[in-house]
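Student: I should like to discuss this structure with you, beginning with its interior. Please show me the sequence and the structure.

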Amino acid sequence: MTFRPRTRRAVVRWCAALVLVALSALVGHHLSTQAGLARLREAAEHRLDMVATGLDAELTRFDYLPALLEMTPVVPALLNAPADASLRDAANRYLAGVNATARAEMLYVLDAGGTSLAASDWDRPGTTLGQHYEFRPYMIDALAQGRGRFYGVGITSRRPGYYLSYALRREPAVPGVVTVKINLEDNEAAWRKLPGDVVVVDQRGVVILATRDDLKFRPLLPLDALQRAEVLRSRPYGEAALAPLRWQRLEALAPGVQLIRVEGADRLGARRTLRNAPWQLLTLDDMAPLRVAARNAAVTAGLGMVALLLLGVTLWQRRRAERQKLANQAALQAAHDGLESMVAARTAQLRAAQDELVQAGKMAALGQMSAGLAHELNQPLTAMRTLSESAAILLDHERHDEVRGNLKRIRDMVDRLARLTAQLKTFSHKNQLGPSPVALAAAIDDARVIVAGAEQKHGVQVEVDIEPPQLAVMADEAALGSVLVNLMRNAIEAMEHMPQRVLRLQGRLSEDGRAVLTVSDTGPGIRDDVVPKLFEPFVTTKPAGSGLGLGLVLCAQLVRAMNGGLRADNREGGGAYFVVDLPAASPHAHP
């Protein structure tokens with residue numbers, strides 16, 4: 001397969017980018033690992049210093065006791081007369097008193113044969129009194145060398161401890177040995193509060209102290225035959241099975257510091273030899289958090305390199321785009337100039353068309369009103385003809401008072417017809433003046449005159465609630481009348497088939513000084529899919545041929561032209577409501 005030169009260059013770039021990302025990840029992993037190992041080693045050295053100092057101090061704290069007992073008359077006297085019960089009782093009580101002050105776990109005296117003659121725990125169950133310990137290494141070492149040290153599980157108490165022995169010498173023989181047992185469990189409990197694990201290994205390679213119980217009395221390596229024979233003879237580990245640990249040295253990092261795998265888990269091990277015992281002190285730190293941190297560092301470094309590469313590609317593409325932009329700038333500028341002139345012309349045309357559309361909508365609404373007004377005009381005219389004929393007859397009979405009443409009724413009907421024609425004239429003309437104070441109650445009354453025929457035809461109950469009654473708005477009177485007539489007519493038509501037909505108009509003054517008029521009905525409401533686009537052109541819920549869907553669009557435009565707003569939604573109890581928000585007129589302004 002052959003590659004084009006352009007494709008070959010792209011492949012080379014991708015390969016180079018991948019190599020950079022991989023190298024960044026490797027470097028981040030290495031640096032994080034080294035930094036983590038350095039922190040672990042420093043923390044391990046600090047713990048080794050603290051634990052070794054405390055353990056050495058604990059092991060040497062009772063070195064003075066055996067020599068102190070040698071100078072006590074009752075102990076040598078008991079060794080010379082072991083059968084004397086009074087001496088044994090005195091020695092027991094003395095040892096108990098001394099141990100109460102020294103706070104060792106146990107203090108007892110053995111004869112040359114390894115039999116316990118007196119003990120500080122003589123009055124407690126599991127006492128060492130009368131037991132034979134000639135096989136214990138601390139007894140053998142004390143008889144041979146004058147002193148002995150030994151860690152093991154007690155024969156009677158079954159509790160591990162550190163034994164310190166001292167031979168009481170009387171020439172020419174050695175009549176006895178004084179032994180102190182030290183409990184190191186408190187030290188183990190204190191170590192558990194430290195991070196990581198702490199382990200103490202004796203001279204046979206067996207763990208004798210540990211912060212984990214599953215590690216205690218288990219050798220790092222299997223014991224040989226000689227070591228097993230010694231263990232069977234001295235019984236330092238009690239009944240422990242001595243199952244070897246899965247202990248594997250992986251890598252030496254520094255003197256006394258190694259990577260170790262213990263029971264399948266990788267640990268960082270730091271080792272130190274104690275001064276006052278032939279033991280090795282080790283700290284074990286889990287490597288899993290360090291490796292997780294190193295892996296995260298590798299991922300972060302790789303992502304950082306990816307980010308740098310992406311930034312470089314972005315800058316390169318931006319520079320290329322800028323050159324392309326400069327190359328096209330002249331043509332774009334020319335097109336921009338031409339578009340600006342076209343936009344200006346189109347904007348002027350759209351504004352003129354919008355004004356004409358508003359006027360056309362008003363005239364269409366006027367045509368719709370004419371059908372309703374025919375009834376309103378026909379009734380007064382018929383009544384006026386009847387009243388005039390009646391007046392002529394009454395005049396012939398000289399019933400002048402009744403003639404005057406008929407003439408007054410004719411005058412009232414003429415006023416009503418004049419008010420109707422004035423509304424139509426005002427509504428049909430364009431307004432060339434600015435907004436003026438308009439009494440909201442009067443505007444509603446005028447609109448009701450126009451829709452009165454529809455109210456009576458459909459049996460609609462109209463409720464008007466204006467608070468305060470003199471509430472006025474800054475608006476165009478004709479435009480406001482058009483909006484009210486349209487909203488009221490829509491509400492009346494919506495309630496045509498409803499059992500309850502109530503049209504409610506409520507006006508209030510808001511806290512921010514605006515007048516809010518709510519027009520609500522008890523009709524079926526507005527469909528949920530129509531509510532968001534109710535004020536869009538040609539959107540209507542009326543049957544085909546009943547409306548063009550322009551009435552609410554024109555209402556919204558008229559309200560916006562008066563610095564107001566128009567919105568609609570459904571009522572919770574059923575029906576719909578429209579809210580007209582307009583600037584309120586000053587209380588001192590006269591409509």
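Student: Which residues is Leu184 in contact with, leaving aside its neighbours within four places in sequence?

Tutor: The model is predicted, so local features need pLDDT of at least 70, side-chain atom pairs count only at pLDDT 80 or more, and totals for chains, interfaces and linings use all residues. Residues are numbered from 1 along each chain as its sequence is written, and side-chain values use heavy atoms, with hydrogens and water left out. Contact means heavy atoms within 4.5 Å. With those neighbours set aside, the partners of Leu184 are Leu55, Glu58, Leu59, Tyr151, Tyr162, Leu209 and Trp279.

Student: Which helix gives the largest share of the largest nonpolar core?

Tutor: A nonpolar core is a set of buried (under 20% relative accessible area, 1.4 Å probe, protein chains only) Ala, Val, Leu, Ile, Met, Phe, Trp, Tyr and Cys residues joined through side-chain atoms within 4.5 Å. The largest one has 47 residues, and Leu184 is among those with the most contacts inside it. Helices are DSSP runs of H or I, at least four residues, numbered from the N terminus. The largest share of this core, six residues, comes from helix 1 (residues 5-60).

Student: Is His458 buried or exposed?

Tutor: His458 lies in helix 11 (residues 452-458). Setting aside neighbours within four places in sequence, His458 contacts Ile492, Glu496 and Arg501. Because its relative accessibility is 16%, His458 counts as buried.

Student: How far apart in space are Gly551 and Leu487, C-alpha to C-alpha?

Tutor: Gly551 belongs to helix 13 (residues 551-561). In sequence, Gly551 and Leu487 are 64 residues apart. Their C-alpha to C-alpha separation in space is 8.8 Å.

Key
Helices (H or I, at least four residues) and strands (E, at least two) are DSSP runs, numbered from the N terminus. Buried means under 20% relative accessible area, exposed over 50%, partly exposed in between (1.4 Å probe, protein chains only).
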